[in-house]
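Colleague: Hi, could you walk me through this model before I go back to the bench?
Modeller: Happy to, let me put it on the screen.

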Amino acid sequence: MERKRIREAAELRQWAELVLPWLPPADLAAAAIACKPFSLVAASITARRSADAARGLERYPIPFSNPLDSQPYSYFLYSRSPILRFPSSQPWGGDAVEPLSDPSSISDLASVTIGSRSGCDCGDCDPERCPCWFADSDSGGEIGLLRECGFGCGCGSGCENRATQKGVSVRVKVVKDPRKGWGLHADQFVKKAEFICEYAGEYLTTEEARKRQRSYDELARSKMKFFPALVVVREHLPSGKACLRVNIDATKVGNVARFINHSCDGGNLIPVLVRNSGSMLPRLCFFAAIDLLQGQELTFSYGDVRVNIDGFPCFCGTDVCSGVLPSEET
Ligand SMILES: C[S@@+](CC[C@H](N)C(=O)[O-])C[C@H]1O[C@@H](n2cnc3c(N)ncnc32)[C@H](O)[C@@H]1O
């Protein structure tokens with residue numbers, strides 16, 4: 001009888017190990033109170049989730065740190081690279097995490113290509129000589145430009161001219177702030193100009209972005225703890241006129257760049273639009289604007305502040321803080 005009970009508990013636990021990692025926090029909490037084997041599995045899943053926001057998909061684990069309250073982690077679906085569609089669910093906090101793969105293989109952006117071979121034929125690229133390479137950190141606006149090898153090139157993913165295509169490149173952690181919510185912090189020394197991460201999320205049409213922004217604003221007003229992560233970037237012509245608007249929404253799915261908070265002084269990151277040969281859409285990437293110390297919060301400017309009495313309050317704490325978060329016109 002005792003043996004049967006032990007076997008049944010083991011089977012239940014096995015089942016829970018397979019199913020519970022797919023559940024969002026509220027459902028996981030509900031499962032945890034159903035029975036003891038579930039509560040043990042749920043506790044270990046919660047521990048694994050708070051130990052790595054990236055679900056094992058980045059080079060280093062990216063832990064959550066919350067000295068303020070009992071929320072152990074923030075829930076979202078993880079993608080290392082930009083996507084045009086996203087899955088409706090993804091396991092997280094179970095034993096079986098997806099293996100670290102070449103970002104190009106999980107990126108739907110790969111399907112938006114210019115042509116089969118519009119890049120270089122170097123084979124073994126030297127960034128100094130490769131015709132794909134181009135950098136302009138002073139392009140007239142606040143956003144720099146960079147060109148790297150990509151799907152249209154003969155070289156492989158090991159090519160040196162693909163520095164931004166290998167996921168989050170330095171150790172970072174996600175730390176909770178009482179007023180700004182979670183924020184991304186350096187967890188090692190980072191040298192000025194070093195690549196840190198890209199802003200991965202869903203690429204939206206402007207119409208869809210406007211629709212979502214309106215509903216996010218409503219939600220944020222009604223629900224104190226809602227932190228949308230929709231960014232809009234404009235690629236400018238030398239004349240200064242906007243020529244391409246890129247809308248990236250990491251609210252439901254994205255990488256840890258979704259935790260980077262705004263700073264009115266421009267912050268300590270340089271946002272750069274990176275074009276990969278063969279790919280039509282640019283990617284938003286962040287480089288260190290200065291040497292960064294371990295523990296320092298990473299920030300950038302979300303854009304021009306339109307002082308708007310209805311705008312959300314800014315708590316960047318810098319001397320030049322306008323008091324209001326920049327927001328897009330919807
Ligand atoms: C891209 S998310 C950043 C991560 C967010 N703090 C979280 O907890 O998920 C952007 C949202 O964070 C909050 N936020 C970012 N910077 C802020 C700041 N300087 N002051 C107040 N809230 C900020 C706002 O709610 C904003 O819509």
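We go through the domains, a pair of helices and the ligand site.

Modeller: This is a predicted model, where local features need pLDDT of at least 70, side-chain atom pairs count only at pLDDT 80 or more, and totals for chains, interfaces and linings use all residues. Residues are numbered from 1 along each chain as its sequence is written.

Colleague: What domains does the chain have?
Modeller: Domain 1 covers 1-51 and domain 2 covers 53-300; such bounds come from an automatic or database domain assignment.

Colleague: How many residues does each one put into the contact?
Modeller: Domain 1 gives 11 residues and domain 2 gives 12 residues. Contact here requires C-beta atoms, placed from the backbone, within 7 Å.

Colleague: Which helix gives the largest share on the domain 1 side?
Modeller: Helix α3 (residues 36-51), with six residues. Helices are DSSP runs of H or I, at least four residues, and strands are runs of E, at least two, numbered from the N terminus.

Colleague: At what angle do α2 and α3 pack?
Modeller: About 145°, and their axes are 8 Å apart. The axes are lines fitted to C-alpha atoms over the stretch in contact, and angles run from 0 to 180 degrees between N-to-C directions. Leu 28, Ala 31 and Ala 32 of α2 meet Phe 38, Ser 39, Ala 42 and Ile 45 of α3.

Colleague: New topic: which residues come nearest the ligand?
Modeller: Gly 181, Trp 182, Phe 227, Ala 229 and Asn 261, out of 17 around the ligand. Being near means a C-beta atom, placed from the backbone, within 6 Å.

Colleague: And which element gives the largest share of that shell?
Modeller: That is β6, with three residues.

Definitions and conventions
Contact = placed C-beta atoms within 7 Å.
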